[in-house]
Amino acid sequence: MNTKHISQTLGTRQKGKINPPQEAECRYALITGASQGLGRCYALELARLGFNTLLVALPGSGLREVAAESRSLGVESIPFETDLCDEKALSALCRHINARYSLCMIINNAGTGGTKLFTTCPPDYLDHILSLNVRVPVLLIRYLLPNLRHAPQGFILNVASMAAFSPVGFKTVYPASKRFILQFSLGLREELRGTGISVSAVAPGPMKTNAEITRRIERQGAFGKLGLLSPEQVAHLSLQGLFRRKAVILPGWSNHINRLLLSLIPTALLVPLISRVIAREINAPAIHRKAVCKPRPAPWWKIGAWASEGTTLLQSLQELSVIS
Ligand SMILES: NC(=O)c1ccc[n+]([C@@H]2O[C@H](COP(=O)([O-])OP(=O)(O)OC[C@H]3O[C@@H](n4cnc5c(N)ncnc54)[C@H](OP(=O)(O)O)[C@@H]3O)[C@@H](O)[C@H]2O)c1
């Protein structure tokens with residue numbers, strides 16, 4: 001780690017600044033999915049902070065250019081073009097890293113999603129989401145943890161999503177996979193308490209990271225704008241939260257509000273509501289309006305708590321054209 005860069009930010013605790021710990025030893029931060037989108041932003045932000053980086057993405061994806069850009073910022077940066085979903089390649093990569101590099105950070109960013117009808121989507125599509133979003137981060141941490149434990153202070157950041165806070169029709173496995181990441185991170189954080197390794201999960205809202213995701217966000221209308229941030233903003237805010245050792249990082253005030261709304265709206269109302277918006281992405285058959293606007297009556301003991309909030313939130317969502 002380049003201590004010159006770090007000393008400029010140490011001890012300031014100013015709003016907006018990132019305060020990484022000071023370490024004399026030269027260690028590496030590993031970032032998966034670093035060729036583009038949020039992962040690229042993590043790579044460059046960490047390079048600006050003086051961290052050496054190990055970058056992973058699929059072959060021929062522009063990863064070498066990100067490594068070159070990082071090196072131009074004065075740090076070491078090594079690209080590894082590997083398919084993380086290939087279990088042999090994943091374990092070989094981890095063996096190589098453990099033999100040659102000392103880690104201080106793992107960022108599990110590579111992830112994938114999509115919007116399709118569960119009943120007609122190819123099983124491989126589901127398998128790929130489960131593999132990259134669930135299996136890869138778990139195994140990567142398991143293989144690399146012995147290495148990270150040697151660092152005086154170690155950091156693990158797992159990229160979840162705001163989707164982790166509600167089931168969603170037409171996405172089905174994606175929000176469930178991100179919920180898994182959230183729960184897994186909190187459990188591992190507890191298990192590693194007192195070891196010097198801090199585990200955090202970040203739950204970004206929508207980010208226009210590539211053409212396909214941008215198209216999907218735009219088809220959601222006003223809903224897609226809720227909590228929308230640039231990947232640069234999300235990378236900056238998540239590293240800030242990571243070094244403050246936060247358990248769950250919600251980037252930006254709008255995502256704090258969204259999280260609150262998601263916890264206030266009864267599931268019976270929320271899931272059809274969000275699913276109806278998401279259905280627009282694929283022109284799926286509309287969900288029955290009755291299911292959206294007239295959820296089953298709450299049991300009498302919950303009516304007071306739910307109904308008044310639910311109605312107000314419903315009205316504000318209607319204003320935002322979430323319900324057409
Ligand atoms: N974008 C959003 O709206 C949003 C919202 C909430 C959470 N997130 C989460 O944020 C993370 C980053 O999202 P993003 O939008 O920046 O994604 P992205 O632009 O699609 O980039 C994904 C990265 O993962 C890499 N990758 C994909 N499959 C891989 C594999 N099998 N092995 C190795 N690397 C692989 C890609 O490499 P290649 O370039 O080689 O394909 C790319 O670098 C994901 O976990 C996502 O679920 C995204």
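Trainee: Which element gives the most to the shell around the ligand?

Mentor: α2 does, with three residues. Elements are DSSP runs numbered from the N terminus: helices (H or I) of at least four residues, strands (E) of at least two. α2 (37-48) and β2 (52-57) are the elements that give two or more residues to this shell. The model is predicted: local features need pLDDT of at least 70, side-chain atom pairs count only at pLDDT 80 or more, and totals for chains, interfaces and linings use all residues. Residues are numbered from 1 along each chain as its sequence is written.

Trainee: What makes a residue near the ligand?

Mentor: Its C-beta atom, placed from the backbone, lies within 6 Å of the molecule. The ligand has 30 residues around it, and Gly33, Gly37, Leu58, Ser61 and Gly111 come nearest.

Trainee: Why is the 77-residue set called a nonpolar core?

Mentor: Because a nonpolar core is a set of buried Ala, Val, Leu, Ile, Met, Phe, Trp, Tyr and Cys residues joined through C-beta atoms within 7 Å. Buried means 20 or more other C-beta atoms within 10 Å of the residue's own. Among those with the most contacts inside this largest core are Leu55 and Ile106.

Trainee: What does Leu55 touch, not counting residues up to four places away in sequence?

Mentor: Its partners include Ile31, Ala34, Val66 and Phe80. Contact means C-beta atoms, placed from the backbone, within 7 Å.

Trainee: Where is pLDDT below 50?

Mentor: Residues 288-295 are one such stretch. pLDDT is the predictor's confidence in each residue, from 0 to 100. The chain mean is 86.

Conventions:
Buried ≥ 20, exposed ≤ 12 C-beta atoms within 10 Å, placed from the backbone. Contact = placed C-beta atoms within 7 Å.
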